[in-house]
Amino acid sequence: MKKMVMILGLILLALGVLASPDPKEDLDKVASLWLEAVKVNDKDDKLLTMLSNQSFRAEEKLLSELHGILKRSDDTYQKCQALFVLQNFPNRVHAQRVLPYLKLENPKIYSLYRELPLISRFPAQAALIQAGPRVVPDILKTMAESDDQEIRRYCLEMIYNIYGPGSFDGSALEITRLVVNKYLAKLTDEERKKMLLQEFEVFCLDQTPASSSSSE
């Protein structure tokens with residue numbers, strides 16, 4: 001009951017802030033509102049959906065606090081919520097601060113299936129994909145340097161999804177080939193380069209529709 005009252009209070013506070021005749025006076029309230037929404041660990045995701053559609057001038061403070069949550073919080077879902085909010089600021093996503101959380105998995109992905117939009121299964125990956133081509137160099141660097149094969153695969157998937165849809169798209173795959181091959185060509189460790197190229201070829205084959213191979 002206490003948490004329901006808290007959620008209702010946040011909604012009412014949001015409406016009051018947004019209706020304020022002088023928004024400049026309420027910047028701290030707005031930033032605090034976002035942070036409270038993120039910190040209510042089992043709140044209704046509809047609250048975040050409502051808040052994410054608003055444009056607030058308290059971005060600097062908000063983003064700093066959200067990155068602080070990522071760095072300091074021990075709560076997995078709280079980190080997922082912070083990444084969900086960051087996803088709504090694609091031009092402000094700092095790739096190097098988000099890349100360490102590629103494996104962070106939303107523990108409530110199945111329990112919240114009725115809510116739209118869902119916090120994705122891997123919110124860090126979703127935030128980087130939303131950020132677009134500007135973060136590709138950082139993703140490529142992570143792919144080339146990581147000793148974790150799963151992370152390397154995630155990096156390739158993110159690059160592919162940045163340039164096209166999640167389903168097969170020939171142009172997206174061609175762009176991905178150009179970008180990845182150009183980066184790998186610069187590597188001086190020939191053994192590692194060979195390994196990465198082999199993984200990349202497997203990835204490219206996996207993106208080809210089964211119908212294409214069966215019809216040949």
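In which helix does Lys193 lie? Select Lys193 in this predicted model: the residue belongs to helix H11. The tour returns to this lysine after a view of the whole chain.

**The whole chain**

Display all 216 residues, of which 44% count as buried. The secondary structure consists of 12 helices and zero strands, so a cartoon coloured by helix, with α elements following one another along the sequence, is a suitable representation. Among the contacts with a separation of 6 or more, 66% join residues that are 24 or more positions apart. Switching to a surface shows about 12100 Å² exposed by the chain, with carbon and sulfur atoms supplying 54% of that area.

**Helices H10 and H11**

Next, select residues 170-184, which form helix H10, together with residues 190-206, which form helix H11. Two packed helices are described by the angle between their axes and the distance between the axes. Here the angle is about 175° and the axes are 11 Å apart. H10 is therefore roughly antiparallel to H11, since an angle over 145 degrees falls in that class.

Now show side chains on both sides of this contact. From H10, select Leu173, Thr176, Arg177, Val180, Asn181 and Leu184; from H11, select Lys193, Leu196, Leu197, Phe200, Glu201 and Cys204. Coloured by character, the residues of this contact divide into seven nonpolar, two polar and three charged.

Return to Lys193. Is this residue buried or exposed? Lys193 counts as buried because its relative accessibility is 13%, below the 20% cut-off. Apart from neighbours within four places in sequence, Lys193 is in contact with Leu184, Ala185 and Leu187.

**Two cysteines**

Cys204, in the H11 side of the contact, is buried, with a relative accessible area of 1%. Select Cys155 as well: this cysteine is also buried, at 0% relative accessibility. A search for disulfides gives a count of zero.

**Helix H7**

Finally, move to residues 123-131, helix H7. Why is H7 described as largely enclosed by the rest of the structure? The reason is that seven of its nine residues are buried. To see them, select Pro123, Ala124, Gln125, Ala126, Ala127, Leu128 and Ala131. Adding helix H5 (76-87), helix H6 (95-98) and helix H9 (149-163) to the view brings in the helices against which these buried residues pack. End at Gly132, which follows H7 and has a positive phi, near 85°.

Technical notes. Residues numbered from 1 in each chain as written. Predicted model: local features only at pLDDT ≥ 70, side-chain atom pairs only at ≥ 80, totals over all residues. Heavy atoms only, no water. Helix = DSSP H or I, 4+ residues; strand = E, 2+ residues; numbered from the N terminus. Buried < 20%, exposed > 50% of the residue type's maximum accessible area, 1.4 Å probe, protein only. Contact = heavy atoms within 4.5 Å. Areas by Shrake-Rupley, 256 points an atom, 1.4 Å probe, with all protein chains shown as cover. Axes fitted to C-alpha atoms, helices over the stretch in contact; angles between N-to-C directions. Parallel < 35°, antiparallel > 145°, perpendicular 65-115°, else oblique. Nonpolar A, V, L, I, M, F, W, Y, C, P; charged D, E, K, R; others polar. Disulfide = S-S within 2.5 Å.
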